[in-house]
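I opened this model to see how its parts are joined. My notes follow in the order I looked things up.

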Amino acid sequence: MITVVGIGCDGVEGLGAAARDAIACADILVGGARHLAMVPASVTASRHSWPRPLVPGVKPLFDSFPAAASVVVLASGDPMFHGVGTTLARLLPDVAMRVIPHVSSAALACARLGWTVEDTPVVSLTTSHPDELVPLAQAGRPFLVLGAPDVVAEVLARRGYSASALTALAELGGPNEAIAEGTAAAPPQTSSSLVVTAVVPVGPVESLLPGLADDSFDNDGQLTKTGVRIHAVTALRPRPGQLLWDIGGGAGSIAIEFCRSTPSTRARCFERNNERADRIAANAEALGVSRQVAVSLGDAGESIAGLDESPDAVFIGGGLSDAAMVDAAYAALAPGGRIVAHAVTLESVARLLELAGQYGGELTSVSIGTHHPVGRFTTLKPALPVVQWIAEKGKVS
C-alpha cells in the first residue's frame, strides 16, 4: 500500500487529520526535497528523494522497499491532477494506492480569479508540450497553464496572440502568495517556480472541428484540400484514445485534424519523402499536436511490418497500388476499426472497387466546386471528383 498525500504551499500545517496521521505513522517518505523539508524532524521515517530521471527510476525505487513498510509519497496539491499520483498509477499498476488530496493549484487559481473550475481548461507544461497551448488559444476562451508565464508568453506571441492577458499566480495558498499581471508581449514577472499562469487569449479564433484553411498547412501541393478533408476526418469518426494511421501523409493535414478534433487521440503518418516528413512534424507543432503526431519515414509497407500497434482507424491517401501494403494495414486494424481511402484516377477508383468487393464497405463520390467569375457572372469551378471508400472491420456490407 502506498499513501499519496497532497501538500499545499501552506505546508504540513494546512493538512487534515488523515494526512497528518499518515505522515506521522510512515516508515518511508518519498518526495521532492521541498516536500521532504516540510516534514518535521520528529517524524523518524527514512526519507527518499525522487530518482533522476523520474520515470525509469520509480519502479526500482519502490521495489527496494520492504513489503510490509508503510510508504507515504508527498506530492503537490491534488496528486491525481497532473501530479505524481497519476504517474505512480501508470507505472505501478499492481500496487494499491490510497490518495489524500489537497486543493489543486488550478482550483485555487480559479478561486482567486472568480473563474468556474468546470469551465476552465487546464494544461500542464510538465506533462504537455508547449505547442498544446495553441488550440486552447484558438478556442478563444480563458484557460490555465501549470507553468511559468515566460514560456506561455513565448508560445502565444509566436502564434499571433501577443495581446493576450496573462496573470501569474505564485505559491497559491501559502504565506508568500503573489499575483502579477501582464500580457504575452510583456509577461508578468515572478521568481517562484510554483506558478499558475492564467490566459485570456486575444487573437485568431479557430474551431477544433475539421476544416482548417489549406494555407494553415505548409505544403508543396501534396495536401488533402479543406472540403475533401472534412469528409475524410468525419468518415474516420475519431473517438478519445484512438490511434490513426495516415498512409501517404503529405502535409499531415488528415492526421493533424484528426488529433485536434478529439482529446487524447494519436496519429502516425507514413511518408517516404524526407522533406514532407519534416513538414508534417513542423505543421503538427504549429497547430498544437506535435506530441500526438508521429512520422514513420520510408516505405509504408515496410514500416507497417515493423510495428506491433493496432490502429483504430486508417486513412490511405496514396499508395493504393501497393496491394500488400493495403492488406497489411487492414489486417493490423483493430476489430471494429474504420478504414478510409480516397481515389481520383480511374485506375485507383478501380482499385477501390476491388477493395470494396474484398472487404465490404461503401463507395461515395465527393464533388466540390468553388465560385469562379465568368464575365459579369459567377459559376462554380469543379475540382477533380474524389471517390471515397469507407469500411468497418468485421462489419459485412
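I began with a loop side chain. A polar contact joins the side chains of Glu309 and Arg268, at 2.7 Å. This is a predicted model, so I read each contact as a feature of the prediction. I then asked which other side chain Glu309 reaches by a polar contact. I found Trp245, with its side chain at 2.8 Å from that of Glu309. Setting aside neighbours within four places in sequence, I listed Leu243, Trp245 and Arg268 as the contacts of Glu309. I placed Glu309 in the loop that runs between helix H11 (300–305) and strand E14 (313–316).

Next I looked up the domains. The domain assignment splits the chain into domain 1 (2–103), domain 2 (106–200) and domain 3 (214–393). I also checked the UniProt record. Its unreviewed entry puts the feature "domain: Tetrapyrrole methylase" at residues 1–185. Over residues 1–185 I noted 31% helix and 23% strand. The end C-alpha atoms of that stretch are 48 Å apart.

I turned to the interface of domain 2 and domain 3. Their centres, taken over C-alpha atoms, are separated by 35 Å. I noted 9 residues from domain 2 and 9 residues from domain 3 in the contact. About 700 Å² is buried between domain 2 and domain 3. Carbon and sulfur atoms give 36% of that area. Which three residues supply the most on the domain 2 side? I found Asp131, Glu132 and Arg159, with 47% of the area that domain 2 buries against domain 3.

I then looked for charge pairs at this interface. The rule finds 1 salt bridge across domain 2 and domain 3. I looked up Glu132 and found a salt bridge with Arg291. The closest N and O atoms of Glu132 and Arg291 are 2.7 Å apart. For polar contacts I noted 4 residue pairs between domain 2 and domain 3. By class, the domain 2 side that touches domain 3 holds 2 nonpolar, 4 polar and 3 charged residues.

How many salt bridges does the rule count in total? I have 13 salt bridges in my notes. One I looked up pairs the side chains of Glu177 and Arg112, at 2.8 Å from N to O. Glu177 sits in the loop between strand E8 (165–170) and strand E9 (178–183), while Arg112 belongs to helix H5 (residues 105–113), so this pair ties together parts that are 65 residues apart in sequence.

Last, I checked the backbone. Most residues other than glycine have a negative phi, and most peptide bonds are trans. I logged two departures. Glu171 has a positive phi, near 50 degrees, and is not a glycine. I placed Glu171 in the loop between E8 and E9. The peptide bond that joins Arg52 and Pro53 is cis, with omega about -5 degrees. I found Pro53 in the loop between strand E3 (46–49) and helix H3 (54–63).

Terms used. Residues are numbered from 1 along each chain as its sequence is written. This is a predicted model: local features need pLDDT of at least 70, side-chain atom pairs count only at pLDDT 80 or more; totals for chains, interfaces and linings use all residues. Side-chain values use heavy atoms; hydrogens and water are left out. UniProt positions are given in the numbering used here, feature names are shortened, and annotations may be inferred rather than shown by experiment. Helices (H or I, at least four residues) and strands (E, at least two) are DSSP runs, numbered from the N terminus. Domain bounds come from an automatic or database domain assignment. Contact means heavy atoms within 4.5 Å. Buried area is the accessible area (1.4 Å probe) that two parts lose on being put together, summed over both. A salt bridge is a side-chain nitrogen of Lys or Arg within 4 Å of a carboxyl oxygen of Asp or Glu. A polar contact is a pair of N or O atoms within 3.5 Å; within protein, one must be able to donate a hydrogen and the other to accept it, and residues adjacent in sequence count only if both atoms are side-chain atoms. Ala, Val, Leu, Ile, Met, Phe, Trp, Tyr, Cys and Pro count as nonpolar, Asp, Glu, Lys and Arg as charged, and the others, Gly among them, as polar.
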